[in-house]
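Hi,

Here's the protein I said I'd pass on to you. Have a look at it first, and then read my notes underneath.

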Amino acid sequence: MTMLSCSTDAGNVSVGLLVALLLLSHTPASAHNGPPFPIVENKKVGPCIVALWTHPDVGTGAFYVFVEPAPGATVPDDLKIKIGVQPVTGRLPETFYEAERVKSRGQVQYNAQAEFDRQELWRVRLVIESSQGSGEATAQVEVTPPGFGRWDLLLYLLPFLLVAFLWFHGISRMKRRKNARLRDGAATAIAAPTAGQAKHSN
């Protein structure tokens, strides 16, 4: 009985964890409204290996380009990077934004900002130019409304708070059932000798 009860409670907690994780993963990465996320990863573009991360908010969206030299090469000193954006629908012409190199420990990083006028799917083009070669990579991303500032943290914490609530709820149920079994066992142990004494006296 003890094993069955514990398994039942553990099952309830596991179901709660599953529900919370499903809620956490419900929003696709392309419609992300939180921290920056990658849309191009470890791709060879010209003489470099690049990763492109973005935070695509309506208004001003941010892009972060991380650069490493391709095997047998070095990062060109004259490397230039620009980001082109255009609605997938083609309602606007493609617009390019120059990326600027920033100081970053142990890696080469370029940052750029682009203007997005509405929430929809956009095409992003990363263009590299240098004396060692040129190249480009493309991706698509859904631009989302700006976050709610301090409320973002609460929204992101909700699934974790739900997990914690379900976990403690399951633990509390297990403790209550264990205490109930201990009380029943104690009552049975006390009642047995009393019944024996009563029978002996008769």
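Below is what I found, starting with the overall layout and then moving on to a few individual residues.

First, keep in mind that this is a predicted model. The protein has 2 helices and 9 strands. If you walk along the chain from the N terminus, the order is α-β-β-β-β-β-β-β-β-β-α. Of its 202 residues, 29% are buried. Take the contacts with a separation of 6 or more: 58% of them are between residues 24 or more positions apart. As for the outside, the protein exposes about 13000 Å², and carbon and sulfur atoms supply 61% of that.

Now for the inside. The largest nonpolar core is made up of 30 residues, and Ile39, Leu52, Phe63, Val67, Ile81, Ile83 and Val85 are the ones with the most contacts inside it. Strands 1, 2, 3, 4, 7, 8 and 9 each give two or more residues to this core. Strand 7 (108–116) provides the largest share, with 5 residues.

Phe63 is a good residue to click on. Leaving aside neighbours within four places in sequence, its contacts include Ile39, Leu52, Trp53, Ile83, Val85, Tyr110 and Val124.

Next, try tracing how some of the strands line up. Strand 2 and strand 3 run antiparallel and are joined by 8 bridges, and a hairpin of 3 residues links one to the other. In this pair, Trp53 sits opposite Tyr64 of strand 3. Strand 3 also pairs with strand 7, again in the antiparallel sense, over 9 bridges. There you'll find Phe66 opposite Gln109 of strand 7. One thing to remember while you look: in a regular strand, side chains alternate between the two faces of the sheet.

Here's a little puzzle: is Lys80 buried or exposed? Lys80 belongs to strand 4. Its relative accessible area is 55%, and the cut-off for exposed is over 50%, so Lys80 counts as exposed. Even so, Lys80 touches Val127, Ile128 and Glu129, not counting residues up to four places away in sequence. The C-alpha atoms of Lys80 and Ser131 are 9.8 Å apart, with the two residues 51 apart along the chain.

Last stop, the surface. Leu157, Leu158, Phe160 and Leu161 form a nonpolar patch there, with about 380 Å² of accessible area together. To find the patch, look for Phe160 in helix 2, which covers residues 150–201.

Happy exploring!

How values were computed: Residues numbered from 1 in each chain as written. Predicted model: local features only at pLDDT ≥ 70, side-chain atom pairs only at ≥ 80, totals over all residues. Heavy atoms only, no water. Core = buried A, V, L, I, M, F, W, Y, C linked by side-chain atoms within 4.5 Å. Buried < 20%, exposed > 50% of the residue type's maximum accessible area, 1.4 Å probe, protein only. Helix = DSSP H or I, 4+ residues; strand = E, 2+ residues; numbered from the N terminus. Contact = heavy atoms within 4.5 Å. Patch = residues over 30% accessible without salt bridge, like charges linked within 9 Å, V, L, I, M, F, W, Y side chains within 5 Å. Areas by Shrake-Rupley, 256 points an atom, 1.4 Å probe, with all protein chains shown as cover. Salt bridge = Lys/Arg side-chain N within 4 Å of Asp/Glu carboxyl O. Pairing = 2+ DSSP bridges.
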